[in-house]
There are 4 protein chains.
Amino acid sequence: MSKTELELAQACARLMWANDRASKEMGLELGEVTPGEACVHLTVGPDMLNGHGVCHGGLIFAMADTAFAFACNSLNRQATAMHCSISFIEKVSAGARLTAHASGRARYGRNGIFDVTVTDDQGAKIAEFRGYSRTIGGEWVSES
Amino acid sequence: MSKTELELAQACARLMWANDRASKEMGLELGEVTPGEACVHLTVGPDMLNGHGVCHGGLIFAMADTAFAFACNSLNRQATAMHCSISFIEKVSAGARLTAHASGRARYGRNGIFDVTVTDDQGAKIAEFRGYSRTIGGEWVSES
Amino acid sequence: MSKTELELAQACARLMWANDRASKEMGLELGEVTPGEACVHLTVGPDMLNGHGVCHGGLIFAMADTAFAFACNSLNRQATAMHCSISFIEKVSAGARLTAHASGRARYGRNGIFDVTVTDDQGAKIAEFRGYSRTIGGEWVSES
Amino acid sequence: MSKTELELAQACARLMWANDRASKEMGLELGEVTPGEACVHLTVGPDMLNGHGVCHGGLIFAMADTAFAFACNSLNRQATAMHCSISFIEKVSAGARLTAHASGRARYGRNGIFDVTVTDDQGAKIAEFRGYSRTIGGEWVSES
């Protein structure tokens with residue numbers, strides 16, 4: 001029996017997450033994944049602060065990039081990031097609980113454009129990210 | 001006696017680096033800092049790989065972003081990142097030794113544009129990053 | 001009697017458009033403007049084609065940028081573009097009727113982020129644009 | 001007899017320019033083209049001003065984009081723009097004489113990254129542009 005799109009999205013996510021040591025090392029937590037969308041969570045610890053005493057932009061990027069990666073691979077076509085941009089809106093202190101929510105904006109040929117918004121647990125916007133993906137051939141799971 | 005520009009740049013870098021727990025946790029190493037330029041190094045460990053088995057883009061961004069931060073703060077004006085973009089050129093495997101080199105492209109008003117190129121130890125280009133900074137008022141060290 | 005937000009948005013648009021010789025020279029037509037949103041239309045003529053025989057990307061950018069400008073000035077705070085990015089999705093031939101629709105994504109301090117989608121009259125996506133604005137002080141019309 | 005790289009670059013440019021009605025309509029002038037580089041000039045007329053009374057950003061983008069297009073096609077591989085970003089540095093008044101100079105930053109697979117700097121005739125920076133190209137198959141001139 002063929003899988004539903006939602007089952008496929010979640011199977012892709014499980015396979016990717018199982019191998020993703022970097023995201024786990026950085027403290028990222030995978031949230032809900034549905035076809036074309038994904039969430040990633042992060043609780044900012046004191047070891048995530050930079051020389052200005054606020055959360056390192058690299059970690060905010062990493063959580064947005066990871067949400068983007070799970071969203072753009074959720075249709076069972078292996079895809080990688082070609083280009084990303086991020087705008088930092090609000091500084092983040094230790095203790096904050098952040099969520100990155102990625103959703104698709106456009107698909108054309110092998111290309112995809114995804115928007116990711118990072119918010120804190122009061123719903124304040126922390127960053128806006130846009131990712132450009134390209135499928136590279138290959139599936140995560142057999143669809144037959 | 002007033003400090004030279006190079007002494008100032010290095011004093012700013014020491015102060016920022018001393019507090020930058022996040023960069024150290026991610027395995028980043030601060031290289032040379034001169035007025036308007038900075039280098040950051042990273043040796044890619046197996047715990048830095050993502051679900052595709054290659055170095056997580058978040059870490060490549062983080063090293064470029066850190067080089068950008070040290071470059072844009074090297075003139076003793078406190079500055080933060082407003083916006084960044086990155087293009088991923090080449091996949092990176094565990095064991096690679098990477099260098100991010102940041103240099104200034106334009107300064108106008110409180111704004112700066114910096115280019116960061118990430119290369120491996122054979123000189124192959126891994127990523128091209130562009131960062132947009134804004135000074136926020138305040139110095140790192142007293143210039144008097 | 002104080003003006004409604006919609007009346008203000010349309011008054012700002014009328015003042016800007018009256019002076020905007022460039023947009024008119026390029027064949028752009030101003031569509032609906034509401035608080036935080038604006039539309040611009042363009043019918044692609046044979047004199048708008050580039051060396052590949054398709055609509056020049058500069059004109060597609062110009063229409064998106066103009067929609068962005070009218071959207072980010074629609075709240076009666078004078079604002080200018082700091083930075084813009086555009087992805088070209090589909091080639092456009094002579095005769096096509098295009099619409100650029102700009103809407104706000106985030107506002108923080110003096111900064112704004114706006115998304116602009118350019119579509120043709122079949123609704124196909126032609127380009128995705130993101131603009132970063134900054135208010136520069138000054139109003140278009142007196143609010144008293 | 002095979003052509004030199006410079007002859008090829010200039011032959012590609014002549015073919016592209018001959019068909020490029022849009023650039024000519026916008027008042028752009030093609031300057032020097034060499035392998036991987038190109039210049040475009042523009043004298044800003046009163047009909048190029050926007051609702052703020054300064055040169056329309058769409059025209060500044062268009063001249064940068066055109067320089068980028070001639071640079072990324074100068075190696076006799078047909079290429080188109082995938083994505084572009086531009087930062088506006090300085091306002092431009094009527095009468096200014098602008099130059100956009102495009103040069104290659106990276107080439108990988110079918111992708112290219114080009115930087116374009118727009119300056120006025122005092123050498124002041126007006127805008128910084130970065131363009132991402134992709135070859136689409138096909139040559140401008142036969143190399144045999």
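**Close-up views of the chain B contacts**

**View 1. Helix α3 of chain A against helix α3 of chain B.** The crossing of α3(A) and α3(B) is right-handed. The model is predicted. Helix α3 spans residues 57-72 in chain A, and its axis comes within 8 Å of the axis of α3(B). The two axes cross at roughly 155 degrees. Angles over 145 degrees count as roughly antiparallel, and α3(A) and α3(B) are therefore roughly antiparallel to each other.

**View 2. Residues at the helix crossing.** From α3(A), the contact draws on G57(A), G58(A), F61(A), A62(A), D65(A) and T66(A). From α3(B) come G57(B), G58(B), F61(B), A62(B), D65(B) and T66(B). By class, the residues of this contact between α3(A) and α3(B) are four nonpolar, six polar and two charged.

**View 3. The side of chain B that touches chain A.** Chain B places 34 residues in contact with 34 residues of chain A. Four elements of chain B give two or more residues each to this side: α1 (5-19), α2 (21-25), α3 (57-72) and β3 (79-88). The most comes from β3(B), with nine residues. On this side of chain B, 15 residues are nonpolar, 14 are polar and five are charged.

**View 4. The axis relating chains A and B.** A turn of 180 degrees, with a shift of 0.0 Å along the axis, lays chain B on chain A. The RMSD is 0.0 Å. That is the relation of a two-fold axis. Among the residues of chain B, S85(B) comes closest to the rotation axis, its C-alpha lying at 2.0 Å. Both copies use the same surface: 100% of the contact residues of chain B recur in chain A.

**View 5. Strand β3 of chain A beside strand β3 of chain B.** Strand β3 of chain A covers residues 79-88 and pairs with β3(B). The pairing is antiparallel and runs over five bridges. Opposite C84(A) stands I86(B), a residue of β3(B).

**View 6. The sheet shared by chains A and B.** Twelve strands form one open sheet, with antiparallel pairing. The order is β1(A)-β2(A)-β4(A)-β5(A)-β6(A)-β3(A)-β3(B)-β6(B)-β5(B)-β4(B)-β2(B)-β1(B). The edge strands are β1 (29-34) of chain A and β1 (29-34) of chain B, each pairing on one side only. From one strand to the next, the twist averages 20 degrees.

**View 7. Strands β3 and β6 within chain B.** In the sheet order, β3(B) is followed by β6(B). These two strands pair in the antiparallel sense over nine bridges. One residue pair to locate is H83(B) and Y132(B): Y132(B), in β6(B), is the bridge partner of H83(B).

**View 8. The side of chain B that touches chain D.** This contact takes twelve residues from chain B and twelve residues from chain D. On the chain B side, β3, β4 (97-108) and β6 (125-135) each supply at least two residues. Here β6(B) gives the most, with four residues. The residues on this side of chain B divide into five nonpolar, two polar and five charged. Strand β3 of chain B thus appears in two contacts: β3(B) gives nine residues to the side that touches chain A, and β3 of chain B supplies at least two residues to the side that touches chain D.

How values were computed. Residues numbered from 1 in each chain as written. Chains lettered and ligands numbered in written order. Predicted model: local features only at pLDDT ≥ 70, side-chain atom pairs only at ≥ 80, totals over all residues. Contact = placed C-beta atoms within 7 Å. Nonpolar A, V, L, I, M, F, W, Y, C, P; charged D, E, K, R; others polar. Pairing = 2+ DSSP bridges. Axes fitted to C-alpha atoms, helices over the stretch in contact; angles between N-to-C directions. Parallel < 35°, antiparallel > 145°, perpendicular 65-115°, else oblique. Left-handed = near helix turned anticlockwise from the far one by under 90°. Least-squares fit on C-alpha atoms with pLDDT ≥ 70 in both.
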